[in-house]
Amino acid sequence: FLLLGQSTNGSVTINSKTKFILGLSGLTLTNPEGPAILITSSSRGIIHLADSSIISDGTANSNKGALQSSGKLVFMGRGALSVSGRAKHGIQTSKSATIKSGNIHILTAKKDGFNVDNYIQRGGNVTVTGRGDGIDGDQGYIDISGGSITINCTADDVKGLGCDSTITISGGTINITISGDQS
């Protein structure tokens, strides 16, 4: 699938029975009432960042993120994705999120920038500005071996990186600024 163009009141839902590639190329998409991109499929989705794209949900979103998936997500490409999670998380999946390449900017998140069961980063650049945890590996793990991460969270009682299992860092560059009480 290839998404491009713009809408201030739209969304995309993908329900694929097989693995798929979702290309984002110059997309500007806002859904004031739900996720901008909702993937209901449990199949692995490759998010190919071909160019700079911007997605946002609205404060009326009762789901879990501006980009929400039921399956594994793999981010790659030379482009950039800017995400605003105005209701809850920026990017959410109940499976793993892997960053291989590309630039992902969580511009704002009312809760976690990434809320995933496992977070894996091999390359690329991730920046998170939010009111919750920067990257929450939830009940899974965090494994970082490359790329760069910059996290800036200002709310009370948040974590830059957090999960219920193990955090393994064997490479990459990580800069975390946390300024809230008990963070």
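Visitor: Where is phenylalanine 20 found?
Guide: Phenylalanine 20 is found in strand 3. Strands here are DSSP runs of E with at least two residues, helices are runs of H or I with at least four, and both are numbered from the N terminus. One thing up front: this is a predicted model, where local features need pLDDT of at least 70 and side-chain atom pairs count only at pLDDT 80 or more, while totals for chains, interfaces and linings use all residues. Residues are numbered from 1 along each chain as its sequence is written, and side-chain values use heavy atoms, with hydrogens and water left out.

Visitor: Why is phenylalanine 20 called buried?
Guide: Its relative accessible area is 7%. Buried means under 20%, exposed means over 50%, and partly exposed is in between (1.4 Å probe, protein chains only). So phenylalanine 20, at 7%, counts as buried. In space, its C-alpha is 8.7 Å from that of isoleucine 47, although the two are 27 residues apart in sequence.

Visitor: What makes lysine 19 exposed?
Guide: Lysine 19 has a relative accessible area of 59%, and that is over 50%, so the label is exposed. You'll find lysine 19 in the loop between strand 2 (12-14) and strand 3 (20-31).

Visitor: Which residues gather with Lys19 in a patch of positive charge?
Guide: Arg44, Lys72, Lys95 and Lys100 gather with Lys19 on the surface. Patch members need over 30% relative accessible area and no salt bridge; like charges are joined within 9 Å, and nonpolar side chains (Val, Leu, Ile, Met, Phe, Trp, Tyr) within 5 Å. Lys and Arg count as positive, Asp and Glu as negative, with His and the chain ends not counted. Lysine 19, at 59%, therefore clears the 30% mark.

Visitor: How do you know that aspartate 143 and arginine 122 form a salt bridge?
Guide: Their side chains meet at 3.2 Å, N to O. A salt bridge is a side-chain nitrogen of Lys or Arg within 4 Å of a carboxyl oxygen of Asp or Glu, so 3.2 Å qualifies. The pair links distant parts of the chain, 21 residues apart: aspartate 143 is in strand 17 (residues 142-144), and arginine 122 is in the loop between strand 14 (118-121) and strand 15 (125-130). Arginine 122 counts as partly exposed, with 40% relative accessibility.

Visitor: How many salt bridges does a search of the whole structure find?
Guide: The search finds two. Lysine 159 and aspartate 133 also meet in one, at 3.7 Å, N to O. This pair, 26 residues apart, links lysine 159 in the loop between strand 18 (148-153) and strand 19 (161-162) to aspartate 133 in the loop between strand 15 and strand 16 (135-136).

Visitor: Are lysine 159 and aspartate 133 buried or partly exposed?
Guide: Lysine 159, at 42%, is partly exposed, whereas aspartate 133, at 8%, is buried.

Visitor: Why does aspartate 57 have no salt bridge?
Guide: The nearest side chain of opposite charge, arginine 86, is 5.9 Å away from this buried residue. Since a salt bridge has to be within 4 Å, that gap doesn't count.

Visitor: What joins the side chains of aspartate 57 and asparagine 61?
Guide: A polar contact of 2.8 Å. The term means a pair of N or O atoms within 3.5 Å; within protein, one must be able to donate a hydrogen and the other to accept it, and residues adjacent in sequence count only if both atoms are side-chain atoms. The backbone nitrogen of arginine 86 also lies 2.6 Å from a polar atom of aspartate 57's side chain. Aspartate 57 itself is in strand 6 (residues 52-57).

Visitor: What does the side chain of threonine 93 reach?
Guide: It reaches the backbone oxygen of glycine 71, at 2.6 Å. Threonine 93 is in strand 10 (residues 89-93) and is buried, with a relative accessible area of 0%.

Visitor: Which positive phi value does aspartate 138 have?
Guide: About 50°, although aspartate 138 is not a glycine. This residue is in the loop between strand 16 and strand 17 and counts as partly exposed at 26%. Aspartate 157 has a positive phi too, near 55°, and at 53% relative accessibility counts as exposed.

Notes. Areas by Shrake-Rupley, 256 points an atom, 1.4 Å probe, with all protein chains shown as cover. Charge placed at Lys NZ, Arg CZ, Asp CG, Glu CD.
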